[in-house]
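Student: I should like to learn how to read the features of a protein model. Could you guide me through an example?

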Amino acid sequence: MTIVNPRVLSQPPRQVTRRGLLTRGLALTGAAGLIGSGTAAYAAVDAANGLVVTDYAPVPRNWPARQRLTITVIADIHAGGPNMGIARVRDVVDTAISLNSDLVVILGDYFATHRFITEHVPHAAWAAELARLKARFGVYAILGNHDWWHDVEGVRAALRHVHIPLMANDAVLLGDRGAKFWLAGVDDQLAHIIGRYQFKGEDDLPGTLAKVKTDDPVILLVHEPDIFTKVPPRVALTLAGHTHGGQIVLPYVPPIWTPSEYGARFAYGHIVEQDRHMIVSGGLGTSKVPLRFGVTPEIVRVTLGA
Ligand SMILES: [Fe+2]
């Protein structure tokens, strides 16, 4: 089951950051250059097999300027061939490890659910790869809609087995003395399919933020970016996945389709609204079809503070 939102085409064009344009431009140009301009379609399909690290250095008003924190963000692995077999999951994890960030977060949708799977990756296999991730302040995960829809207990058990904590409407205080921060994570907003294009979430944003007990800054993990409209300014930075950046994106125009109530508004990149910051990862794997066009799989690295 997937989400189709007919309102997408009526949404205003998104604000595409220069970084977003660069990432997309390089992906298309690089792949097309290798294969030849006459086979642009093949080159674009090949984008599903690329990997980039996309850097962001947001400056939220309520993140202390001298509190430096680096975060590696892994989103939407969707483990399973043809484009996210176990060898490629291993490559992604190797790249993430090489970034050596203070904190690693994994934003849900762990296994492929499309109908074109050529290599089944068991939960234990992708979880064993994620278990290699290490960070000074830890590795934390949240659930995505595909996890809930297809095997939430299996995903929970796999993460539990490798000791990766699952943040489900929870918050934890991390950091060094004098430089603490809260890491909060909400459960999935589309967890239960209750009708045609109708969903009931397991997310509890007020309950999650009620667990924040000090004035230290807050980083919020969400799978779907749509909740951003409800995130209070108290949260310094929201990190999201889910959209795959639109997954099929032509250069210089909004995505043809984005699984969001807000169309292209939250499809990709660094979004600032009313002094609130969110970064939406383009993710790594694929859903519906094992293809990407113009959105190279990415690991996001965020640097906060100087
Ligand atoms: Fe998702």
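Tutor: The dialogue below goes from the overall chain to the metal site, the cores and the aromatic pairs. Please keep in mind that this is a predicted model.

Student: How many helices and strands does the chain have?

Tutor: The chain has six helices and 13 strands. Of its 306 residues, 54% are buried. Among contacts with a separation of 6 or more, 75% join residues 24 or more positions apart.

Student: Which residues coordinate the iron ion?

Tutor: The iron ion is coordinated by Asp109 through OD, Asn145 through OD1, His223 through NE2 and His242 through ND1, at 2.2 to 2.3 Å. Along the chain, these donors follow the spacing D-x35-N-x77-H-x18-H. Asparagine 145 belongs to helix 5, whereas histidine 223 is in the loop between strand 9 and strand 10; the two are 78 residues apart and link distant parts of the chain. Both asparagine 145 and histidine 223 are buried.

Student: Why is the arrangement around the iron ion irregular?

Tutor: The general idea is to compare angles with an ideal: for four tetrahedral donors, the ideal angle at a metal is 109.5 degrees. To count as tetrahedral, four donors need all angles between 85 and 135 degrees. Here the four donor atoms subtend angles of 90 to 169°, which makes the arrangement irregular.

Student: Which residues have the most contacts inside the largest nonpolar core?

Tutor: This core has 33 residues, and those with the most contacts inside it are Ile77, Ile106, Tyr110, Trp126, Leu130 and Leu133. Helix 5 gives the most to this core, with six residues. Isoleucine 106 touches several residues farther than four places away in sequence, including Ile74, Leu130, Val139 and Ile164. Apart from this core lies another, of 26 residues, among them Trp63, Phe137, Ala236 and Leu304.

Student: How many aromatic pairs are there, and how does one recognise a stacked pair?

Tutor: A search of the whole structure finds six aromatic pairs. To recognise stacking, one examines the planes of the two rings: under 30 degrees apart, they count as stacked. The rings of tyrosine 110 and tryptophan 126 have centres 5.0 Å apart and planes at 15°, so this pair is stacked. Tyrosine 110 is in the loop between strand 3 and helix 4, and tryptophan 126 is in helix 4, so the pair ties together parts 16 residues apart in sequence.

Student: Is tyrosine 110 buried or exposed?

Tutor: Tyrosine 110 is buried, with a relative accessible area of 1%. Tryptophan 126 is also buried, with a relative accessible area of 1%.

Terms used: Residues numbered from 1 in each chain as written. Predicted model: local features only at pLDDT ≥ 70, side-chain atom pairs only at ≥ 80, totals over all residues. Heavy atoms only, no water. Donors = N, O, S within 2.8 Å, 3.2 Å for Na, K, Ca; no water. Tetrahedral: all angles 85-135°; square planar, octahedral: opposite > 155°, others 65-115°. Helix = DSSP H or I, 4+ residues; strand = E, 2+ residues; numbered from the N terminus. Buried < 20%, exposed > 50% of the residue type's maximum accessible area, 1.4 Å probe, protein only. Contact = heavy atoms within 4.5 Å. Core = buried A, V, L, I, M, F, W, Y, C linked by side-chain atoms within 4.5 Å. Phe/Tyr/Trp six-rings, centres within 6.5 Å; stacked < 30°, edge-to-face > 60°.
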